[in-house]
Amino acid sequence: MSDRPFDSYSTSITDPSQFFGRSDWLEKAGANPFNVWVLLGGRRLGKTSALRALEYRLMSRPSGAQAFPVFIPLELNQPRDLNHFRFVFRMGLRQAVDRWRGVDGTALATSSVAQARNWYQTFLSRISEVKVTLGFIQATMKPLPSPETDELSDVAFRETIRRSLDELRDLGYGGACFLLDEVEFVVRNQHANEIFSYLRGLKDSSSLKSQLGLVLSGYRGVSEYEQKIGSKLLEIAKLVWLECLTEDETRKLAEFRMTAEDVPLDQSAMDFVLKCGGLHPFLTQQILNAVFDHQRTEDRPDPEALKWTLIEERQTAFGAWWNADGLTDGFREPEREVYLTIQATGQATVRELVERLGRKPLGIRNSLRLLSGTGVIRRKDADSYEIGSLLFSEWVAQMG
Amino acid sequence: MLVTLASIVAGVVYLYEPRRARRRKVEATLATVGTFLERAGGRSERTGAGMLRIKKAPGRLAPATPVLVMAVPGEPTREEVERLTARAKSRDGRAGTALLIYGDPPALTVRAQLAEARSLHHVAIIPLPLAEIERALLENAALAKLDEYAGRYQEGADLFADANAIGDTLSFFGREKLLRDLVSDLRAGQSVGLFGLRKSGKTSVLRQIEPMLAGGFVEIDLQTKAGNPHFGLAVFFEILQKLSARVGGTDALAGFPSDGPAGAVAGDFSKRFTDLVQALASEGTRLPLVCAFDEIDVVLPTPARSPEWAQEFNICFGTLRSLCQQQRNLAIVVIDVHPDANRINHWTQAGVPPNPLFSFLKETFVQPFDAKETREMLEGISGLMNLHFDPETLDAVHRLSGGHAFVSRQLASLLYQEISPRTDRKIPWGQTEPLLSRALEYSTLLARYIGGSIWEDREAVGDAIGMRILKVLAFAESEPVPEASLISELPAQGTRNSFFEALAWLIDVGLVVRERTPEGDRYRIGLPLLAQWLQDNTPDRHHDLHERPALR
């Protein structure tokens, strides 16, 4: 089907009604938007979608205690240095407020859920910066404008931020929460230490600390940077690793898709989706696309053939996750070792992995965190894990 | 008869003067609080002795309107808290909210009363130190301060887990001698270097000495100067800006540039600074003024920095040192993990004069708590949260943390999060022991702190000897370890001098504990969780962590 939204569910979800899961984190971050959060997760696990969900949540419930969300995609606006980063930060806030005004954000306070949802779509489409594929608005991503001077000194930055925060208070918000997507692009920068130190300085400042929130999303690079010296900002951050959805959440997602596509799935089809996808949100969406198309075109569905077709289509992504050649930010030998051990029996506890691999518990837990944060294994409880996506597992088995 | 009359009048004055003085103090406090609330965007009115009612509450307090406010210039008593609770209770059964503004921190029993007010009477009392209000007024941050405290004391908040520096006196414990000594040194004009591990409480100590210096204190956070090659001028500008705000005008900044090299304005800065300090002194501020520089490592001229950077550092801190020594109207406090700012004489940058701070600062280290202080801290915080730790748990937390306050608090937070929901706010030893024995596995924050902020820090500064000492102690089969055994483990290229220097720092920051015995000095690890982390991440003590990927 050519008119599936979000590029057939391969880009981030920006429609709140189509976002499932992450409710725990959304609840906590929504209640504490002036903290510093670091949201970690592998590629395609839904970090950007989660940030958008938080953006919607914060924007649609304005109150004296609420934060005005400012989404800044750092892949598009890669900071050259600290001065440029301040500019990106400041422009992101300015543009978000201008858009909010342009779409009459004051109406949100009295709008219904459906109205708020429509308002949000209009808000997103306003700046031609977001791919909002609801079938009627298409736009390409554009970076923030770069006038001749795209740098901002500390003094100028603080002054303009303070004025903006005063303006936000007049609009009914208690401050701003910056949602910095793909912080990997800061971590790789030679000025990363300066940027994080600066942000920490802002958070330590009496006049700004309870009016400024930060949510940084990233993956391995951010996680490892955080473990090194210089990450003063990350010292005060709450670190959250995303994982797979729950079975309940995945079923709700599938039911929504069934209604939208008007194609019911029987028990065996649903089992196929759950097993092959392993509750991974992106894999689940792609599998559903294939299953719906398959059901429409095939008189006798062939799950086995469909499974191998799906594996073939995902080879590049799986290869990047597995990272056998060490060229991506995917797994390393410790993670691959742990995955293969779990794969052998389908599940394992931390103690079992410690005994079988002869490694220490902390190292094992770090590997487990990366694996579950990529969505290829699932955590059953604090001490035990099971294999996730059958597609990925079979692909790994093929790799020998 | 006249003598009798005079005696009677004297007697009456004697009886009533303390009460009048107290009333004047209460009125002055209420006036300050009223100004604070107004600047925060609220509207309040007087209601009874020593009380205000906020009719329009701003920010995060808005949903709780109306909010009752009691101002106590000294230490709040049980009776005062009872009165506040009774007045704040809502007649229609809704939860009430009140602010308790205090001059001196309340006793432990009164803190427990605050928690009871919430749990038994559904009144959320937000305690707010008067010193923080005064600071917020100076920094034009009234609403931010109000929001901070409203957020901190919201329902279910985990007060153990606060990762920021502690300005709230209710959450600050111990360090009485350290605070007294610091204030005494600074008042005598002695500049100080305050050093210690990350999260050891250095910035929190700064927050506590500020009110003790009664207005003569300016803090400069150097993190916001990160990457700015003209940080020296930025420091000058910020000092003048903050002092100007206190003498009621910004004329002192007229014509002073906001950017450029510090060398161009050093003389101008000194003159303007001196004039401002004299103006403050004439208004009653006690000299010397104290200027605190947090996170000085951000601007320290490391070998990677340019000669211009080192020059900027020299001009900035050379000017400040000159003001300290010649004018004697300034004392500085430098805060960092390592005492490099005080111990590096010559920079590596060719042609740059020596470090003006070399051996200028009196070095003071923030040390771990003793058992009594750990217990007081955990009981004090848990009192505010209506939690009850049993004595064995408190002792175990102290043992495992070695008295390092941040570690104790995070252990307590782990127990609070994992146990109290099931046990009606009690934390019994039977349930805590299994968690504490695997604390590093269950608390990623603690594992990150120990692996990153402590161990990686040693690696980053190239402290191979210190790392070897810690590993030997972590793997020691029996504690404490005699000095001779430690020295025998030195790498071949190490010297006795470098050994004792490395050991001294480890002892100063509480990572190693020395015990003096008749047979000689012996040592043990000061942070048992670090020993556990090393055991979990190194196959054995002879295997260098550098040779394998970290955290395998």
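In this predicted model, the side chain of A:Arg378 reaches over to the backbone oxygen of A:Gly278, at 3.2 Å. A:Arg378 sits in strand β7 of chain A, which covers residues 377–381. Its relative accessible area is 19%, so A:Arg378 counts as buried, the cut-off being under 20%. Neighbours within four places in sequence aside, A:Arg378 touches A:Cys244, A:Gly278, A:Leu279 and a run of residues made up of A:Ser384, A:Tyr385, A:Glu386, A:Ile387 and A:Gly388. A:Gly278 thus turns up both in this set of contacts and as the residue whose backbone oxygen is reached by the arginine side chain.

Chain B has a buried charged residue of its own to look at, B:Asp221. This aspartate is found in strand β7 of chain B, residues 217–221. With a relative accessible area of 13%, B:Asp221 falls under the 20% limit and is therefore classed as buried. A polar atom of its side chain lies 3.0 Å from the backbone nitrogen of B:Gln223. Once neighbours up to four places away in sequence are set aside, the contacts of B:Asp221 involve both chains: A:Gly201 and A:Asp204 on one side, and B:Glu238, B:Asp294 and B:Glu295 on the other. As for B:Leu415, that residue is 194 residues from B:Asp221 in sequence, and the two C-alpha atoms are 33 Å apart in space.

Now for the place where the two chains meet. The size of an interface is often given as the accessible area lost when the parts come together. For chain B and chain A, that comes to about 4,100 Å², with 49% of it on carbon and sulfur atoms. Contacts link 46 residues of chain B to 46 residues of chain A. Seven residue pairs are in polar contact across this interface, counting pairs with both residues at pLDDT 80 or more. Four helices of chain B, namely α5 (142–152), α16 (439–442), α17 (444–460) and α21 (528–537), each supply at least two residues to the side that touches chain A. Among the contributors, α17(B) gives the largest share, eight residues. Sorted by class, this side of chain B holds 21 charged, 13 nonpolar and 12 polar residues.

Four salt bridges are counted between chain B and chain A. One of them pairs A:Lys209 with B:Glu148, with 3.7 Å between the closest N and O atoms. B:Glu148 is also busy within its own chain. A salt bridge joins B:Glu148 to B:Lys145, where the closest N and O atoms are 3.4 Å apart, and another joins B:Glu148 to B:Arg152 at 2.9 Å, N to O. Both of these partners share helix α5 of chain B with the glutamate: B:Lys145 is three residues from B:Glu148, about one turn of the helix, and B:Arg152 is four residues from B:Glu148, again about one turn. B:Glu148 counts as buried because its relative accessibility is 11%, and B:Arg152 is likewise buried, at 12%. B:Lys145 is buried too.

Over all chains, the count of salt bridges comes to 57. In chain A, a pair within one helix is A:Asp166 and A:Arg169, whose closest N and O atoms are 2.5 Å apart. The two lie three residues apart in helix α6 (residues 154–170), about one turn of the helix. Unlike buried B:Glu148, A:Asp166 is partly exposed, with a relative accessible area of 36%. A:Arg169 is also partly exposed, at 31%.

Turning to the nonpolar interior, the largest core has 110 residues, and those with the most contacts inside it are B:Leu99, B:Ile469, B:Leu511, B:Leu529 and B:Leu530. Helix α14 of chain B (residues 405–418) provides the largest share of this core, eight residues. The surroundings of B:Leu511 can be spelled out: beyond residues up to four places away in sequence, B:Leu511 touches B:Leu197, B:His404, B:Ile454, B:Leu470, B:Trp505, B:Leu506, B:Arg524, B:Ile525, B:Gly526, B:Leu527 and B:Leu530. Another core, of 106 residues, lies apart from the largest one and includes A:Trp100, A:Leu212, A:Phe292 and A:Trp321.

Methods
Residues are numbered from 1 along each chain as its sequence is written. Chains are lettered from A and ligands numbered from 1 in the order in which they are written. This is a predicted model: local features need pLDDT of at least 70, side-chain atom pairs count only at pLDDT 80 or more; totals for chains, interfaces and linings use all residues. Side-chain values use heavy atoms; hydrogens and water are left out. Contact means heavy atoms within 4.5 Å. Buried area is the accessible area (1.4 Å probe) that two parts lose on being put together, summed over both. A salt bridge is a side-chain nitrogen of Lys or Arg within 4 Å of a carboxyl oxygen of Asp or Glu. A polar contact is a pair of N or O atoms within 3.5 Å; within protein, one must be able to donate a hydrogen and the other to accept it, and residues adjacent in sequence count only if both atoms are side-chain atoms. Ala, Val, Leu, Ile, Met, Phe, Trp, Tyr, Cys and Pro count as nonpolar, Asp, Glu, Lys and Arg as charged, and the others, Gly among them, as polar. A nonpolar core is a set of buried Ala, Val, Leu, Ile, Met, Phe, Trp, Tyr and Cys residues joined through side-chain atoms within 4.5 Å. Buried means under 20% relative accessible area, exposed over 50%, partly exposed in between (1.4 Å probe, protein chains only).
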